[in-house]
Amino acid sequence: MTATTAGTLTCVGLGMTLGSHLTPIARSQITAADVVFAGVSDGVVEQWVRRLHPDVRSLQPFYAEAKPRQATYRDMVEAMLTEVRAGRRVCGVFYGHPGVFAQAPHEAVARARAEGYVARMEPGISSEDCLYADLGLDPGRTGCQHFEATQFMLYRRSVDTSAWLVLWQVGIAGDLSGGRFDTEPRRLAVLVEVLSRHYPPTHEVVIYRAATLPFQTPRIERMPLGSVQDASLGMPDTLAIPPCTPLEPDLAIRARLAEFAASEAP
Amino acid sequence: MSNVIDFLARMGAEADLRDAGTEALARELAEANVDGELAAAILAADEDTLRERVAPGTYYSIQLDREKEDPNQEQEKEKKEAPDNDGAEKSALAHSA
């Protein structure tokens with residue numbers, strides 16, 4: 001479908017740390033917009049967005065304790081699309097990357113396009129990117145699996161214990177109501193039980209939280225897996241689990257590839 | 001209040017400021033006319049005090065919910081797992097559930 005009206009939507013990422021990660025194109029999209037919607041995790045960061053544009057509308061009021069998060073995300077999408085339909089140039093600003101663990105930006109872009117408007121997403125530096133830098137972890141070395149914590153608990157996933165495993169949104173692990181913003185030892189004990197199918201309870205894991213303010217240091221707290229159920233976890237925290245087994249060689253494939261190499265030798 | 005936000009934005013973007021020692025940072029905060037209590041919070045890396053003064057209240061960071069489960073998915077799974085000899089019967093039961 002081609003665009004039929006002047007309204008546009010761009011969802012951009014702010015990155016994780018105030019002032020450090022904003023890309024030139026994201027800044028330009030913010031300043032050029034008619035109206036800006038802000039979905040950020042830190043009030044100080046939201047104040048910074050307000051310094052970039054005179055009409056910044058926070059998406060935080062759509063959240064409420066016990067309100068289903070799905071309803072919150074629908075309200076966010078509707079708020080942005082209302083302005084797009086009114087013919088305005090709209091910028092949705094989200095912390096981190098607007099397309100990583102973020103439902104409303106994806107849905108808003110898809111719906112705007114379906115309604116005939118020009119809509120796009122500009123990437124940002126995500127918490128995952130910060131994790132690689134802060135933990136000194138290169139996903140290219142052994143591989144790295146990523147799951148949303150509650151989904152990981154609810155389904156039997158294939159875990160490769162020779163790669164890193166990263167569980168996101170561990171601060172709401174085990175919430176089936178869709179309306180909680182915390183977790184507690186009972187639910188975390190179940191998570192530890194699920195992880196114990198693959199890892200020994202003494203295996204060292206890392207609780208990680210990226211810095212959102214430039215004077216902060218990231219949270220990097222190491223502990224045995226068995227202690228996670230008693231850990232204090234908040235919404236921004238992530239659980240990173242290093243490999244506990246070595247990479248397993250595939251001898252048959254190695255032999256076949258060695259034959260290729262031998263046949264190609266001068 | 002805008003002074004401290006502008007200062008933090010500059011601190012996030014400037015390598016020298018990001019890595020500055022306490023003395024140099026205190027000097028930069030004073031030159032930027034950042035409020036004394038807020039400057040002290042930055043120097044002490046006291047994020048709670050800073051947030052309380054600049055943007056009090058709860059800020060939610062969860063932006064993704066797990067996918068809603070399709071109730072038919074389990075029924076389909078049951079159908080697939082059912083042996084050939086009683087597959088039709090199990091399928092009928094699943095659809096009537």
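Biologist: Let's start with two helices: in which hand of crossing, left-handed or right-handed, does H3(A) pass H4(A)?

Modeller: Keep in mind that this is a predicted model. Helix H3 of chain A covers residues 69-85 and helix H4 of chain A covers residues 103-114, with axes that come within 9 Å. As H3(A) passes H4(A), the crossing is right-handed.

Biologist: And is H3(A) roughly parallel or oblique to H4(A)?

Modeller: Go by the angle: the two axes cross at roughly 40 degrees. Angles under 35 degrees would count as roughly parallel. The crossing angle is therefore one that makes H3(A), relative to H4(A), oblique.

Biologist: How many nonpolar, polar and charged residues does the contact of H3(A) with H4(A) have?

Modeller: On the H3(A) side you'll find Tyr73(A), Met76(A), Val77(A), Met80(A), Leu81(A) and Val84(A). They meet Gln103(A), Ala104(A), Glu107(A), Ala108(A), Arg111(A) and Ala112(A) in H4(A). Sorted by class, that contact has two charged, one polar and nine nonpolar residues.

Biologist: Now the open sheet in chain A: which strands stand at its edges?

Modeller: Read across the five strands and you get S3-S2-S4-S1-S5, paired in parallel. An edge strand has a single partner, so one of its sides is left without a neighbour in the sheet. In chain A that applies to S3 (56-58) and S5 (118-122).

Biologist: By how many degrees are neighbouring strands of this sheet turned against each other on average?

Modeller: Here the direction of the strands is ignored. On average, the turn from one neighbour to the next in this sheet is 20 degrees.

Biologist: Zooming in on S2 and S4 of chain A, which residue stands opposite Gly39(A)?

Modeller: Strand S2 spans residues 35-39 and strand S4 spans residues 89-94, and the two run parallel, joined by five bridges. Across from Gly39(A), in S4(A), stands Phe94(A).

Biologist: What about the other chain: which element gives the most to the side of chain B that touches chain A?

Modeller: Here 26 residues of chain B are in contact with 35 residues of chain A. On the chain B side, the elements giving two or more residues are helix H5 (47-54) and helix H1 (2-13). With nine residues, the one that gives the most is H1(B).

Biologist: Last one: what percentage of the residues in chain A is buried?

Modeller: Chain A has ten strands and nine helices, and its C-alpha atoms fill a box of roughly 60 × 60 × 35 Å. To count as buried, a residue needs 20 or more other C-beta atoms within 10 Å of its own. Of the 266 residues in chain A, the buried share is 43%.

Note on methods. Residues numbered from 1 in each chain as written. Chains lettered and ligands numbered in written order. Predicted model: local features only at pLDDT ≥ 70, side-chain atom pairs only at ≥ 80, totals over all residues. Pairing = 2+ DSSP bridges. Helix = DSSP H or I, 4+ residues; strand = E, 2+ residues; numbered from the N terminus. Axes fitted to C-alpha atoms, helices over the stretch in contact; angles between N-to-C directions. Buried ≥ 20, exposed ≤ 12 C-beta atoms within 10 Å, placed from the backbone. Contact = placed C-beta atoms within 7 Å. Parallel < 35°, antiparallel > 145°, perpendicular 65-115°, else oblique. Left-handed = near helix turned anticlockwise from the far one by under 90°. Nonpolar A, V, L, I, M, F, W, Y, C, P; charged D, E, K, R; others polar.
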